[in-house]
Amino acid sequence: MTAKLSFMKDKVVFFDLDDTLYHEVDFLKSAYREIASFIETNYHLQGIYAEMMGYWQASENVFQCLLASHSLHDLTIQDLLLHYRAHVPQITLSIETQHTLEHLHAKGIRMGLITDGRTLTQQNKIAALGIKKYFEEQDIYISEAFGSEKTEGKSFQDVQQRYGENSEIFYVGDNPKKDFAWPNALGWITICLLDDGQNIHSQQFNVDESCLPQYKIHHIEDLCKLIDENSFD
């Protein structure tokens with residue numbers, strides 16, 4: 001199933017955030033560093049970050065293991081989760097992603113975000129990445145703030161109502177389980193950025209055909225060629 005690209009309509013590009021515009025593992029590492037620093041400072045311990053990464057790499061429950069291994073007084077899993085979700089992350093755009101956003105912006109292409117997550121967490125990521133300048137406020141959809149996750153389709157439908165009549169809409173994501181079903185149903189162009197080995201969640205393409213992307217790209221910059229030339233050739 002491949003949608004026909006049109007030369008007659010304006011192009012609008014909406015992105016997923018995590019593991020599309022940056023690697024989510026960088027957010028995880030940033031949070032673990034901040035939590036480790038807090039614990040080391042307040043409980044006079046050392047090596048906490050390395051310990052946390054070891055638990056994570058072993059697919060263990062990091063916070064549960066941490067609390068079981070140390071006497072951290074009244075610190076709870078909920079406290080650690082709050083640190084994780086509310087911290088101001090040390091994350092950056094890759095040069096390739098920055099070039100892609102700059103290229104699309106320079107061409108006057110409207111861009112937006114549709115992302116699942118908590119409002120504060122996602123807003124902190126957007127601010128840290130410095131990407132808010134590329135989007136109008138009404139084109140940033142965060143599931144908690146909007147009141148609907150991607151699989152429910154309301155954010156995609158809202159974009160369709162606003163831009164669908166006069167625009168060719170692209171959605172760029174990484175997760176076939178939730179990123180492409182609704183955009184496909186609405187007639188958008190769906191593009192999956194393939195995992196380069198750093199994604200937190202593995203990509204699963206053994207899903208219903210309606211959930212599959214129409215295009216797969218290995219590099220975010222390939223998006224520019226697709227939009228500019230309507231071809232990978």
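Begin by selecting the cysteines of this predicted model, where a search of the whole structure finds zero disulfides. Pick Cys 211 among them: Cys 211 takes part in no disulfide, and the nearest cysteine sulfur, which belongs to Cys 192, is 12 Å away. Cys 211 is also buried, because its relative accessible area of 16% falls under the 20% cut-off. Then move to Cys 65, which likewise counts as buried, at 17% relative accessibility.

Next, display the strands, and look for an open sheet of six of them, with parallel pairing, in the order E3-E2-E1-E4-E5-E6. The edges of this sheet are formed by strand E3, residues 135–142, and by strand E6, residues 215–217, each of which pairs on one side only. If you turn the view to follow the twist, neighbouring strands are turned against each other by 25 degrees on average, with direction ignored.

Zoom in on the E3 edge and select residues 110–115, which make up strand E2; this strand runs parallel to E3 and is joined to E3 by four bridges. Within this region, highlight Leu 113, which stands opposite Ile 140 in E3.

Now add the helices that lie across these strands. Helix H6, residues 119–129, lies across E2 and E3 and runs at about 140 degrees to E3. Helix H8, residues 154–163, lies across E1, E2, E3 and strand E4, the last of these spanning 167–173, and runs at about 150 degrees to E3.

Stay with helix H6 and select Lys 125, which is found in that helix. Is this lysine, Lys 125, buried or exposed? Lys 125 counts as buried, at 3% relative accessibility. Showing its surroundings, and not counting residues up to four places away in sequence, you will find that Lys 125 touches Leu 17, Asp 18, Tyr 22, Glu 24, Phe 27, Pro 89 and Ile 91.

Finish at Thr 20, which is found in the loop between strand E1, residues 10–15, and helix H1, residues 24–43. Thr 20 counts as buried, because its relative accessibility of 3% is under the 20% cut-off. Which residues should be shown around Thr 20 to see its contacts? Leaving aside its neighbours within four places in sequence, Thr 20 is in contact with Phe 15, Val 172, Gly 173, Asp 174, Leu 193 and Ile 220. For a last close-up, keep Asp 174 in view, since a polar contact of 3.3 Å joins the side chains of Thr 20 and Asp 174.

Technical notes:
Residues numbered from 1 in each chain as written. Predicted model: local features only at pLDDT ≥ 70, side-chain atom pairs only at ≥ 80, totals over all residues. Heavy atoms only, no water. Helix = DSSP H or I, 4+ residues; strand = E, 2+ residues; numbered from the N terminus. Buried < 20%, exposed > 50% of the residue type's maximum accessible area, 1.4 Å probe, protein only. Polar contact = N/O pair within 3.5 Å; in protein donor to acceptor, adjacent residues only side chain to side chain. Contact = heavy atoms within 4.5 Å. Disulfide = S-S within 2.5 Å. Pairing = 2+ DSSP bridges. Axes fitted to C-alpha atoms, helices over the stretch in contact; angles between N-to-C directions.
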